[in-house]
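Colleague: I should like to go through this structure with you. Could you begin once it is in view?

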Amino acid sequence: MSETQYDVGLVGLAVMGENLALNMLEKGFSVAVHNRTSDRIDAFLQRAGREGFPRTYGARTAEDLVRSLRRPRRILLMVKAGQPVDDTIDRLRPLLEPGDMIVDGGNEHFTHTERRARALESSGIHYLGMGVSGGEEGARNGPSLMPGGPRAAYDLLAPVLTRIAAQVEGPDGGPCVTYIGPGGAGHYVKMVHNGIEYGDMQLIAESYDVLRRVGGLSNAELAEVFSDWNQGELQSFLIEITARIFRTPDPQGAGELIDKVLDASGMKGTGKWTVQDAIELGVPIPVIASAVDARILSSQKAERVAQSALLQGPTTAPLGPTERAQLVQDVRAALYASKACSYAQGLSLLQVASTTRGWNLPLGDIAAIWRGGCIIRAQFLARIKAAFDRDSQLRNLLCDPGFARELADRQTAWRRVIGQCAAHGVPTLAMSGALSYYDTIRQSRLPANLIQSQRDLFGAHTYQRIDQPGTFHSEWAK
């Protein structure tokens with residue numbers, strides 16, 4: 001083993017781990033790496049050498065890794081969530097000393113993070129759960145980082161994180177990392193980030209579907225539309241890559257690759273976890289929930305093909321050139337308004353979770369660190385940060401005067417799009433959910449009075465009156 005004491009240890013050399021290690025080396029930190037299989041270590045050392053990073057060490061065993069690190073030891077785990085994390089902790093725990101830290105950078109459920117932190121606390125070992133967003137490119141060149149756990153441990157890790165995180169330029173810029181909060185707060189925020197990402201992607205997919213099926217736009221025209229949108233208020237990583245996708249030719253034949261891709265979406269669980277916890281906390285997030293539903297429905301390809309021959313939809317005429325141009329503008333407005341609803345729902349969930357679990361989440365700072373490095377990075381996030389800077393207790397993003405005005409200005413176009421989709425039989429689970437959410441939260445009176453009446457009639461569940469205090473049960477008409 002080298003006598004050099006390394007700055008950071010990293011366990012797990014799959015794509016994300018390898019690129020984070022290279023990122024740290026490039027920023028001037030020395031890194032000792034370890035992997036369950038030695039061939040990955042050899043491949044990494046060769047790549048680090050080719051890229052001119054000599055300050056790295058390949059530890060063949062957990063003991064070797066721990067001995068190679070300077071104290072307090074900082075070990076980043078980039079292994080598969082679940083049992084592999086527990087197995088890695090079990091190997092490391094007997095070798096570590098009070099003050100050392102383990103940082104889980106995977107997509108782990110926040111409750112597992114809190115369980116592991118409690119188990120390690122008696123040994124004096126700090127455990128942090130850190131969301132890492134940005135995929136392979138972000139890991140290598142600067143991700144958005146969401147660390148949660150003991151504040152003192154974060155402070156020891158911050159010199160590394162602030163250097164390797166994405167950097168936002170400008171007077172309000174800075175590294176895309178901040179201390180999220182105690183316990184499992186970091187992994188929770190990453191979970192909700194991914195839920196918002198689900199919503200964003202579904203809304204973009206629905207916009208594509210409307211323009212293609214109702215407007216009749218070709219892939220080349222769609223590429224131009226999304227490129228144009230990326231120059232304005234919808235500017236974002238997801239809009240940018242969508243334009244690129246429409247321009248990508250099929251490497252195996254004529255036409256564009258997108259038309260050969262199977263219409264069945266996968267998912268790894270974070271969107272589902274977001275919906276589950278929202279239900280647990282009583283927070284409505286219909287855009288994110290609809291996005292999860294849409295992925296499940298998409299995966300049922302065989303059933304949909306069979307049902308398409310049985311279930312009838314409307315017969316419609318194609319749009320003329322003037323109507324097509326209007327549709328493009330309307331979908332732009334509807335996408336922006338729906339996107340605002342999706343973020344509002346995600347942030348409301350963070351707010352309730354923060355209060356319920358005592359995390360004191362810094363919502364403005366969270367919006368700020370999502371401006372670079374991560375999948376949902378967008379111009380839009382600067383406006384969200386400004387809204388929470390104006391009012392840190394803002395109960396719903398849509399109630400910020402700026403957002404309220406923008407949705408009011410766009411609602412006519414938004415409603416036209418939903419109406420046209422219904423007329424043409426084009427599904428808009430998320431976009432329709434967003435509009436219904438907007439219409440629901442702006443009502444001073446809802447038809448829940450009928451639901452309460454039904455519950456009292458068939459189950460004596462009681463109800464309250466609007467004209468006097470108290471709880472009532474009635475004998476309803478026979």
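Modeller: What follows is a short exchange on a helix, a surface patch and the cysteines.

Modeller: This is a predicted model, in which local features need pLDDT of at least 70, side-chain atom pairs count only at pLDDT 80 or more, and totals for chains, interfaces and linings use all residues. Residues are numbered from 1 along each chain as its sequence is written, and side-chain values use heavy atoms, with hydrogens and water left out.

Colleague: How far apart are the end C-alpha atoms of helix α14?

Modeller: They are 54 Å apart, which agrees with the span expected for the 37 residues, 321–357, at 1.5 Å a residue. The expected span is 1.5 Å times one less than the number of residues. Helices are DSSP runs of H or I with at least four residues, numbered from the N terminus.

Colleague: How many residues of α14 are buried?

Modeller: 26 of its 37 residues are buried, that is, under 20% relative accessible area with a 1.4 Å probe and protein chains only; exposed means over 50%, and partly exposed lies in between. Just after α14, Gly358 has a positive phi of about 70°.

Colleague: Turning to Phe458, is that residue buried or exposed?

Modeller: Phe458, in helix α19 (residues 448–459), is exposed, at 62% relative accessible area.

Colleague: How many disulfides are there?

Modeller: Zero were found in the whole structure, a disulfide being two cysteine sulfur atoms within 2.5 Å.

Colleague: Why is Cys399 not bonded to Cys341?

Modeller: Their sulfurs are 11 Å apart, too far for a bond, although Cys341 has the closest cysteine sulfur. Cys399 is exposed, at 54%.

How values were computed:
Helix = DSSP H or I, 4+ residues; strand = E, 2+ residues; numbered from the N terminus.
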